Amino acid sequence: MAVADTTSALAVAAQARDIVGPDWVVTDGAQLRVYECDGLTNHRTVPGAVILPGTTEQVAAIVRLCHEHRVPFVARGAGSGLSGGALPTEDGIVIGLSRLREVLDIDVANQRVRVQPGVTNLRVSEVAAPFGLYYAPDPSSQQVCTIGGNLAENSGGAHCLKYGFTVNHVLTATVVLSDGSIVELGSEAPDAPGLDLLGVVIGSEGTVGIVTEALLNLLPKPEHVETLVAMFPSTETAGDAVSAIIAEGVVPAAVEMMDRLAIDAAKTQTPITWDTEAALIVELDGPAREVRQQFEAVTAICKRCGADDVQVAANPDERLTIWRARKSAFAAVGQLAPAYLVQDGVIPRTRLPEVLNGIRALADEAGLRVANVFHAGDGNLHPLVLYDNAVEGEQAKAEAIAMRIVELCVDFGGSITGEHGVGIEKVCSMPKMFTGDDLTAFDRVRSAFDPVGLCNPGKLLPTPRLCGEVPGFYHAHPVETAGLGERM
Amino acid sequence: MADLAGILGADRLTDEHGTPVLTPRDAAEVSTLLEAATKTGLALVVRGGGTKTSWRPPPVRCDAILSTAALAGIVDRQAGDMTLVAQAGTPLAALQADVTGDATHRQRLMLDGVGGDAATLGGILATRAAGPRRHRYGTPRDIVIGARYVTGDGLVAKTGGTVVKNVAGYDLAKLLIGSQGSLAVITEVSLKLHPVPDVARTVVLQTTDANAVAAFVAAVRTAPITATVFDVRWPEGIVAIRIESTPDGAAAQIDLLHDLAALEELAPEAGDALLEEHLGFPFNGSGAVLGVGVRPEHLATLLTVVAATGGQFVGRATLVAGDIVLPDLDPERIARVVEAVRDLGGNVQARRGDEAHLLAAPTPAPGVATVEAAIKLQLDPAGVLV
C-alpha cells in the first residue's frame, strides 16, 4: 500500500486548484467534516482534502496527481452508502462527483440513457418517463443515491427480484483508472470481444477506478401493476407464503416483508393502519391479463398460508403509500430508538424462518431490539439493530450483534452483503465467507487495476492492519507463485 | 517437456491424434496440474465438450489439452431456492434434463445449449454462448451466481456464492465468462433457475422487406409484450416470437401481436423445432461464421448487409445479436461483413474459419489492453492457459 502524509494530500490539493479552480478544492477543517463519513455514521475520518471536479478530464488529472504523489483517494457520490465505502482515509483525497450531474442524452429508439455519475437514481426514471420508459434498479434511497454509487455497489432494490441488479442494466462506462488513464468499458452493441471488465468494475466499491459516465439500459414501463399487502400472524407464515408464491411459478416484481417493529416505525412516517406481526408486500407487473391471472393466484396463496387480511392497492396513490411505508422504514426506525445499525445479509429464501429465529435469539441475548424489513423474495435481510448511543457500551454491543447476524447468514449458506457492499463495515467478515485463497485471487485482480494501492484502500478486502492476521491471506506476487522469483 | 504422465498419474493421460489429453478428476487435481504446468512452462488448452473450439483462434502452441470431462455431475439443487450447483464439465443438456425432469417443481435452467448435447456448462460460460432465449433471460452473465475456479498457477478459489443476491467481493464470474479459458479453469458453477410457464405459443411473421421487419420489431418492443424469444432469420424473412405466460396472458399478447401484423401461429412442436433450429444455426454449413452485435436501430442495415454478402443470419431481433453464416471462407466476403458491422459501431467475433479469426481480431483500446494484460499476468503469470 502507498504511503501518504498530510503534506502530500495538501500538495495534491494545491495543484488541483489549477485544474478545477480554487472554489472546488476544500481544505478547511470545518468544511472537510462534511465528508468525514457516509451513511455508515459510526465510522468517521476527516480527509486530507476534498476535490470537486466538473469533467471526466478533471477527474483523470486529479487521479494522475494522486498517483504522482502516492496519495490515496476515494470517490464519493451522494454519500448515502451504508457500508462506509466512501469513508475517507486520513491523509487521502475525496473526489466528490456531485458536480457531474447531467443527463447527457436519451436515446429513445435504442432505449438507453447516458448520464454522469452524480445523477440520482430516481432522476433517470423521471427523465425517461415521458417516453414510457424507466430505469429498473430502485434502491430504497433512490431519491438521493447517485448512479456512480449504484455502479460502485451494484445496487439492487425491491424490484431486482425480477429485473436484476445494476450490472444487468449498464451498457458502457467511462472509467478513470488508478493511474489517471481514461478507458471506455462495455459496448453500445452486444457481444463485445475481450474480457468483461465492466462486469468487474460494477460492484467493485470504488476500488478499481472511478466511473465518470455511464450508458444505462431503459425498459418500457409495464402495462399493468398490482400490489397487495398481506397481514400475517407471524414472519414464519409470511415466509411460507413467499415460498408458495415462488413454487407456483410466479416471478413477482417485488416481495417485501416488514415485521411489527418495522411497521410501527413506518407508521410514524406514512398513513398506514397495518396492525400485524408481519406484512408481506407483493407486487406483480407485466402484460395486464398475465398479471391479473397471477395476482389472483398470489392472493389465494396468501390467504391459504394464513393471512388474516389482504389489502390490494386500488390506485397508484395507494400503491405509493405502500411503497413509501416500505422505503421509509429504515429512516423511520430512527423514531423508535436514538440510534440503529442496518444489516444486509442474504440467505437462501427457504431458510428464512430459521434465520429469523436465530436473529431473535441474538437480540434477546443482547437485550436489544431488532426490526426486520427485507427483500423476502431473494432472501436479502435488513435487520435493524436498535440501540442507545448514550448508554455506554451499547453501540459496541449493537455492532457485535450486527456482525453475528451476518455471520449467521453465512452459516446458512448465504452472504454477508446483498446490496450495501462490504465497504469498511464488513471487511473483517470477508474471511468468514471466503478462504485465504479466494481473497488472494480478489486481491490479484485488484492489483491488476490498481498496482500501487491508491484506489479506496482499506475497503472490500481485509488487511492485517484492520483485521489482524487473516489466516491464509498472503500477498505473494504472481511472479513468486510462478517460481520465477522469491521474496527477499 | 515435462513428464505429463507423472503429474496426475498415467491413468489421467490419454492421446488424441498425437495431442496429450489430461483429465483431472477434481479441483485439487486441476490445481496440481496447473502448478506443475506453471513450473515447467507447459501450454494447456482447456476443453469441455469441444463443440466450440473454433470460436477462438487456434492456439499458437498446445502441449496438452486439459479436459474437464471428469469434472461432471450435479453438486446441489435447491428447488425451493431455485438454485443449482454443478461441476463445469457437466453437459448442459444433462443438467437441463435433470431440472425439467423434476415434475414436482416445474423449473428450468435458461442457459441456451449452444453446441448441442455435448456442450458443457463450463464451455458455455467460457465462450459466453447464448441463443434465442437470451431475449428474456440474458446470457450466462445474467444466470450465473457464483463459480469455483483454479487460476493459471493453481490457486483454488471461489467467487460469488449460491444465493441469488450477493455483492460480497468482486464478481469474478463475470471476468471468467467469455474469457475462453485464458485466465483460469472453471470447475464448478452456481446458477439461478426459472419457473416453467403454463403455456408457450409461437407466432411467425414472414416478409423479405428489411424495413418492414425493423418497423414491426420496433412496434413490438414498445408494446406490452414480454416475449421469451424474439428472433429474426434472414434472408428467409422470418421473425419468430415465442410468448410464455399464463393461458390468459399468452392469449392477450398473441392477440396484440396479430393486431400489429399478419402473423401465423405455429403448432407447439413446430415452435419448439424452430427454436432448436435457431440454436443450432451457427453450426450450419462449412463456411465462415461470425458472431455479430449492433445497436437496435441498425437491424435493417445489418439484414441488408447479410443479404448483400450472400450470408445467412439468425439472431435476436431487439438486442441485436446473432450469427452470420457465410457460404464459404472467402476472405473478401468475410472482410466485407466485418467492415460493415464495424462501420455501424457493432461487434464482430469469429466463430469459425481461420481467415475469419484473422480479419475479426479485435484491437482493444490501449488502456483496456493494459488492464487485460495485467489481469492475465495476475491470474496466469506463466501463461499456461493458451
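I count two strands as paired if DSSP finds at least two bridges between them. With that settled, I opened this predicted model and went looking for sheets and packed helices.

**Entry 1: the sheet in chain B**

I traced an open sheet of five strands in chain B, and its order reads E5-E6-E10-E8-E9 with antiparallel pairing. Which strands stand at the edges? I found E5 (74-78) and E9 (156-160) of chain B there; each has a single partner strand, so one side of each is left without a neighbour in the sheet. I also noted the twist, which averages 15° from one strand to the next.

Next I followed one pair inside the sheet. Strand E6 (residues 83-87) and strand E10 (residues 184-192) of chain B are joined by five bridges in the antiparallel sense. If you want a spot to click on, B:Val85 sits opposite B:Ser190 of E10(B).

Then I asked what packs on the sheet. I found helix H15 (residues 436-449) of chain A, touching strands E8 (144-151) and E9 of chain B. The direction of H15 makes about 70° with that of E9(B).

**Entry 2: two helices in chain A**

I turned to helix H9 (residues 260-267) and helix H11 (residues 316-332) of chain A, whose axes lie 8 Å apart at an angle of about 90°. Angles of 65 to 115 degrees count as roughly perpendicular, so I logged H9(A) as roughly perpendicular to H11(A).

Which residues make the contact? I listed A:Ala262, A:Ala265 and A:Ala266 from H9(A), and A:Ala325, A:Ser328, A:Ala329 and A:Ala332 from H11(A). By type, I have six nonpolar, one polar and no charged residues in this contact.

Terms used. Residues are numbered from 1 along each chain as its sequence is written. Chains are lettered from A and ligands numbered from 1 in the order in which they are written. This is a predicted model: local features need pLDDT of at least 70, side-chain atom pairs count only at pLDDT 80 or more; totals for chains, interfaces and linings use all residues. Helices (H or I, at least four residues) and strands (E, at least two) are DSSP runs, numbered from the N terminus. Axes are lines fitted to C-alpha atoms, for helices over the stretch in contact, and angles run from 0 to 180 degrees between N-to-C directions. Two residues are in contact if their C-beta atoms, placed from the backbone, lie within 7 Å. Angles under 35 degrees count as roughly parallel, over 145 as roughly antiparallel, 65 to 115 as roughly perpendicular and the rest as oblique. Ala, Val, Leu, Ile, Met, Phe, Trp, Tyr, Cys and Pro count as nonpolar, Asp, Glu, Lys and Arg as charged, and the others, Gly among them, as polar.
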